[in-house]
Amino acid sequence: MTASEPILLPARHGRAVRVPAGHGLRVINLHGTQVVDCWAWNAHDLDEAMSMEASRVWSQRLNPVVGDTFVTNRRNPILTLVEDTSPGIHDTFMAACDRHRYERLGCTNYHRNCLDNMVEALAGIGLAIAAPSLASFNIFMNIAVDADGRSLVTGPTQGRPGDFITLQAEMDCVVALSACPQDIVPIHGHAANAPKDAAFQVLATGFPRLPPTAPWMPAASAP
Ligand SMILES: [Zn+2]
């Protein structure tokens, strides 16, 4: 099996793809400025979903670095970050944008959004989930913790054209990606804040292999 060609993730839209266990999903920031929201599910049971909150417990990290594993709401490894050519700035705490967010931002007409993109993307491959979650892995999104240790700072992406990350599937999974349509809060690069195309690629080979991490345990956990 050879690597698939990169597939376009059009600006402001979503796509979903099946990623077999052991394969890689490469998410490519074609322009270096685009935030890509990411969700994942167990392909054999869509009630089992990648969980940002459970993943932070697992890794004891606010945002992942290469080698970190994301886990599901059932605490099973689902994706491991095995490669990252970007500056490594990603986000796990911000809710995906949805139509309510844009209404609160003053939009009076429908604004495309990541949550609806995710639902549309799944429908595009014949799938639906019972409870769409706002908790996405926000690839390339620049959310920093302020010096006070508790406040968040929303900044523009810090990437370069062609930056990519690769996520290794730890189970057969379905992944949905959304090229975030946010054009009000300045998150996309330093200039126009214009949502742009990204791309993705399912890889059978040609990416680093890393074992999934074990769950973090407290130092004094001996019974
Ligand atoms: Zn969004």
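## Local features of a predicted model

Ala43 is located in the loop that connects β4 and β5 (45-49). The model examined here is predicted. Ala43 counts as partly exposed because 18 C-beta neighbours lie inside 10 Å, a count under the 20 required for a buried residue. Its contacts beyond four places in sequence are Arg18, Asp172, Cys173 and Val174. For Ala43 and Cys173, the separation along the chain is 130 residues, whereas their C-alpha atoms are 4.3 Å apart.

The annotated region comes from a record. In an unreviewed entry, UniProt lists residues 9-174 as "domain: DUF1989". Across residues 9-174, helix accounts for 15% of the chain and strand for 34%. The C-alpha atoms at the two ends of this range are 16 Å apart.

Helix α3 spans residues 114-124. Its buried residues are Cys114, Leu115, Asp116, Asn117, Met118, Ala121 and Leu122. Which elements cover the buried residues of α3? The cover includes the strands β2 (14-19), β4 (36-42) and β12 (173-179), together with α2 (99-104). Just after α3 comes Gly126, with a positive phi of about 80°.

Strand β9 (142-145) runs antiparallel to strand β10 (residues 152-155), and four bridges join the two. Within this pairing, Ile143 stands opposite Thr154 of β10. The two strands form a hairpin with six residues between them. In the turn of this hairpin, Gly149 has a positive phi of about 80°.

Most residues other than glycine have a negative phi. Gln60, although not a glycine, has a positive phi of about 55°, and Phe140, likewise not a glycine, has a positive phi of about 70°. Gln60 is in the loop between α1 (52-59) and β6 (69-71), while Phe140 is in the loop between β8 (137-139) and β9.

The positive phi values are set out below.

| Residue | Phi | Location |
|---|---|---|
| Gln60 | about 55° | loop between α1 and β6 |
| Gly126 | about 80° | just after α3 |
| Phe140 | about 70° | loop between β8 and β9 |
| Gly149 | about 80° | turn between β9 and β10 |

Are Gln60 and Phe140 buried or exposed? Gln60 counts as exposed because it has 11 C-beta neighbours inside 10 Å, and the limit for an exposed residue is 12 or fewer. Phe140 has 30 other C-beta atoms within 10 Å and is therefore buried.

Definitions and conventions
Residues are numbered from 1 along each chain as its sequence is written. This is a predicted model: local features need pLDDT of at least 70, side-chain atom pairs count only at pLDDT 80 or more; totals for chains, interfaces and linings use all residues. UniProt positions are given in the numbering used here, feature names are shortened, and annotations may be inferred rather than shown by experiment. Two residues are in contact if their C-beta atoms, placed from the backbone, lie within 7 Å. Two strands pair if DSSP finds at least two bridges between them.
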